[in-house]
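Ready for a few short exercises? Keep the structure open beside you and try each task before reading its solution.

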Amino acid sequence: KRGLFIASDVTSKYTRRGVLEYHKISSYIYEIVRAKPGNYMVFFPSHAFLTSVLEQFNESFYDESSMQVIVQEEYMNEEMREQFLLEFSKKNADKSLVGFCVMGGIFSEGIDLKNDLLIGAIIVGTGLPMVCSERELLKDAFDDEAANGFDYAYRYPGMNKVLQAAGRVIRTAEDVGIVALLDERFNTRANVRLFPREWDNIKQVNNRTIAQAVKDFWDKQ
């Protein structure tokens with residue numbers, strides 16, 4: 001009941017960030033969403049990254065007749081949060097709702113959208129925290145103990161955010177949905193070993209195959 005996809009040709013790496021990469025990520029979002037009308041959340045590593053992809057998505061793929069886009073603002077009061085989530089309580093058989101959110105934020109943990117109120121989570125990037133002096137001290141401390149400091153300071157917290165976002169999709173035994181991991185770094189052994197045991201049916205996709213892969217998943221349900 002859970003379709004798992006890893007994109008092999010996009011990344012959120014700083015060295016690759018630019019219009020071309022934002023456009024490719026937008027293309028993935030479009031192909032996933034158009035395969036089946038429903039409610040989706042797309043999670044980004046930062047508001048700045050979100051804004052860049054959203055600009056490309058609106059310019060090249062947004063279709064007002066078949067989708068509605070809502071965006072997590074950088075600062076939201078309680079009323080704004082409730083209004084954002086209220087949109088996901090609505091079902092439209094012909095139109096998809098796409099929520100652009102930030103990984104590790106208020107909508108990637110602690111919300112419970114059951115009964116197909118969320119049928120897809122699209123996760124952009126591996127969730128690695130920003131480099132800062134505190135994390136570098138933590139990294140150095142674990143390195144001194146002959147442990148992998150990068151894992152403890154960056155990789156584990158990042159994967160925790162990814163798993164929390166992915167966990168928004170399947171909330172009951174009846175739920176069906178997809179999780180798409182849009183970063184080629186998810187294919188590395190260091191990240192794969194952190195996946196839950198039940199993630200044993202992951203399908204690798206690229207920009208040319210994602211549409212058919214998602215369609216095949218929904219056709220089997």
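**Exercise 1.** In this predicted model, find which residues line the second largest pocket.

*Solution.* Start with the stretch Lys36, Pro37, Gly38 and Asn39, which belongs to the lining. Next add Lys91, Asn92 and Ala93. Finish with Asp116, Ile119, Val176 and Trp218. Sorted by class, this lining has five nonpolar, three polar and three charged residues. The space in the second largest pocket comes to about 190 Å³.

**Exercise 2.** Now describe the largest pocket: what is its volume, and which residues lie nearest its centre?

*Solution.* Begin with the volume, about 340 Å³. Then look at the lining of 18 residues, where Tyr14, Arg17, Leu128, Pro129 and Met130 lie nearest the centre. Nine residues of this lining are nonpolar, five are polar and four are charged.

**Exercise 3.** Trace the open sheet and work out its strand order.

*Solution.* Reading across, the seven strands come as β3-β4-β2-β5-β6-β1-β7, with parallel pairing. At the edges sit β3 (67-71) and β7 (202-205), each pairing on one side only. On average, neighbouring strands are turned by 20 degrees against each other, direction ignored. Now zoom in on β5 (residues 120-124) and β6 (residues 177-182): five bridges join this parallel pair. For Ile123, the bridge partner in β6 is Leu181.

**Exercise 4.** Decide whether Cys101 is buried or exposed, then place Cys132.

*Solution.* The cut-off for buried is under 20% relative accessible area. Cys101 has 0% relative accessibility, so Cys101 is buried. Cys132 has a relative accessible area of 33% and is therefore partly exposed. As a last step, search the whole structure for disulfides: there are zero.

Definitions and conventions
Residues numbered from 1 in each chain as written. Predicted model: local features only at pLDDT ≥ 70, side-chain atom pairs only at ≥ 80, totals over all residues. Heavy atoms only, no water. 1 Å grid on protein atoms, 1.4 Å probe; cavity = no way out; pocket = protein on both sides within 12 Å on 5 of 7 lines; lining within 4 Å. Points joined across faces, edges and corners; volume = space filled by probe spheres on them. Nonpolar A, V, L, I, M, F, W, Y, C, P; charged D, E, K, R; others polar. Disulfide = S-S within 2.5 Å. Buried < 20%, exposed > 50% of the residue type's maximum accessible area, 1.4 Å probe, protein only. Pairing = 2+ DSSP bridges. Helix = DSSP H or I, 4+ residues; strand = E, 2+ residues; numbered from the N terminus. Axes fitted to C-alpha atoms, helices over the stretch in contact; angles between N-to-C directions.
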